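Me: I should like to learn how to read the features of a protein model, one at a time. Please give the general idea first and then the case at hand.

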Amino acid sequence: MPLQLMVLPGIVFMIVFNYIPIYGLKIAFQNCTVVDTLDSARWVGMENFRIILTDKYFWDSVYNTLGISFLKPLFGFVTLIILAVMIYELKDGTEKRMIEYGGDFYMRCYVSDYYIGHFSRWHA
């Protein structure tokens, strides 16, 4: 029985974060306002999707989003390789050690800015 209780937090987590939000998906098919609840909003079906798909800026937004999504990893990877080669080509000395082990310059390639900000404040 104690082993089965170890699974309980995982089941609760799945229910809270995977199944309860499904109830909110019906907002896409309702005409919601600030004063409406999920149950009192008027049902409009696919009308919201028709409005979005016929908007003149929608397809430009999709094109821009996909373009950024594909180009960002490509340029990010290429700049990381160029940066690695530049660091490797430096002569051994204090500059190379500062760049390699200095943290802020080196970590920005791999870690989110959010964590770097916290890390910098923690060590300061």
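Me: Let us start with one residue: is F29 buried, partly exposed or exposed?

Reply: F29 is partly exposed, as its relative accessible area is 26%. Buried means under 20% relative accessible area, exposed over 50%, and partly exposed in between, with a 1.4 Å probe and protein chains only.

Me: What kind of model is this, and how are the residues numbered?

Reply: This is a predicted model, in which local features need pLDDT of at least 70, side-chain atom pairs count only at pLDDT 80 or more, and totals for chains, interfaces and linings use all residues. Residues are numbered from 1 along each chain as its sequence is written, and side-chain values use heavy atoms, with hydrogens and water left out.

Me: How is confidence read, and where is it lowest and highest?

Reply: The term pLDDT stands for the predictor's confidence in each residue, from 0 to 100. For this protein the mean pLDDT is 78, and 75% of the residues reach 70 or more. Confidence is lowest in helix α6 (residues 113–123), with a mean of 53, and highest in α2, at 93.

Me: How many helices and strands does the protein have, and in what order do the elements run?

Reply: Helices (H or I, at least four residues) and strands (E, at least two) are DSSP runs, numbered from the N terminus. Here there are six helices and two strands. Read from the N terminus, the order is α-β-β-α-α-α-α-α.

Me: What share of the residues is buried?

Reply: Of the 124 residues in the protein, 7% are buried. The protein exposes about 11000 Å², and carbon and sulfur atoms supply 71% of that area. Accessible areas come from the Shrake-Rupley method with a 1.4 Å probe; for residues, only the protein chains shown count as cover.

Me: Which residues does Q30 touch?

Reply: Contact means heavy atoms within 4.5 Å. Q30 is in strand β1 and counts as buried, at 6% relative accessibility. Not counting residues up to four places away in sequence, Q30 touches L38, A41, R42, W43, V44 and N48.

Me: Is R42 buried or exposed, and which residues does R42 contact?

Reply: R42 belongs to strand β2 and is exposed, with 52% relative accessibility. Its contacts, leaving aside neighbours within four places in sequence, are F29, Q30 and N31. The C-alpha atoms of R42 and N31 lie 5.4 Å apart, although the two residues are 11 apart in sequence. For the protein, among contacts between residues at least 6 apart in sequence, 4% join residues at least 24 apart.

Me: How should one read a salt bridge, and how many are there?

Reply: Side chains of opposite charge can pair when their charged atoms come close. The rule requires a side-chain nitrogen of Lys or Arg within 4 Å of a carboxyl oxygen of Asp or Glu. By this rule the count is two salt bridges. One of them joins D39 and K26, with the closest N and O atoms 3.4 Å apart. This pair links distant parts of the chain, 13 residues apart: D39 is in the loop between β1 (30–31) and β2 (42–43), and K26 in the loop between α1 (2–19) and β1. D39 is exposed at 59% relative accessibility, whereas K26 is partly exposed at 23%.

Me: Where do E47 and R50 lie?

Reply: Both residues lie in helix α2 (residues 47–53), three residues apart, about one turn of the helix. The side chains of E47 and R50 form a salt bridge at 2.6 Å, N to O. E47 is partly exposed, with a relative accessible area of 33%, and R50 is partly exposed at 45%.

Me: How are aromatic pairs read, and how many does the structure hold?

Reply: A pair of aromatic rings is described by the distance of the centres and the angle of the planes. Rings of Phe, Tyr and Trp (its six-membered ring) pair if their centres lie within 6.5 Å; planes under 30 degrees apart count as stacked, over 60 as edge-to-face and the rest as tilted. The structure holds four aromatic pairs. One of them is F13 and F17, with ring centres 4.7 Å apart and planes at 45°, so this pair is tilted. F13 and F17 are four residues apart in helix α1, about one helical turn. F13 is exposed, at 51%, and F17 is exposed, at 52%.

Me: Why is the pair of F29 and F49 tilted?

Reply: The ring planes of F29 and F49 stand at 50°, with the centres 5.4 Å apart, so the pair is tilted. F29 lies in the loop between α1 and β1 and F49 in helix α2, so the pair ties together parts 20 residues apart in sequence. F49 is partly exposed, at 32%. Ring pairs link F29, W43 and F49 into a cluster.
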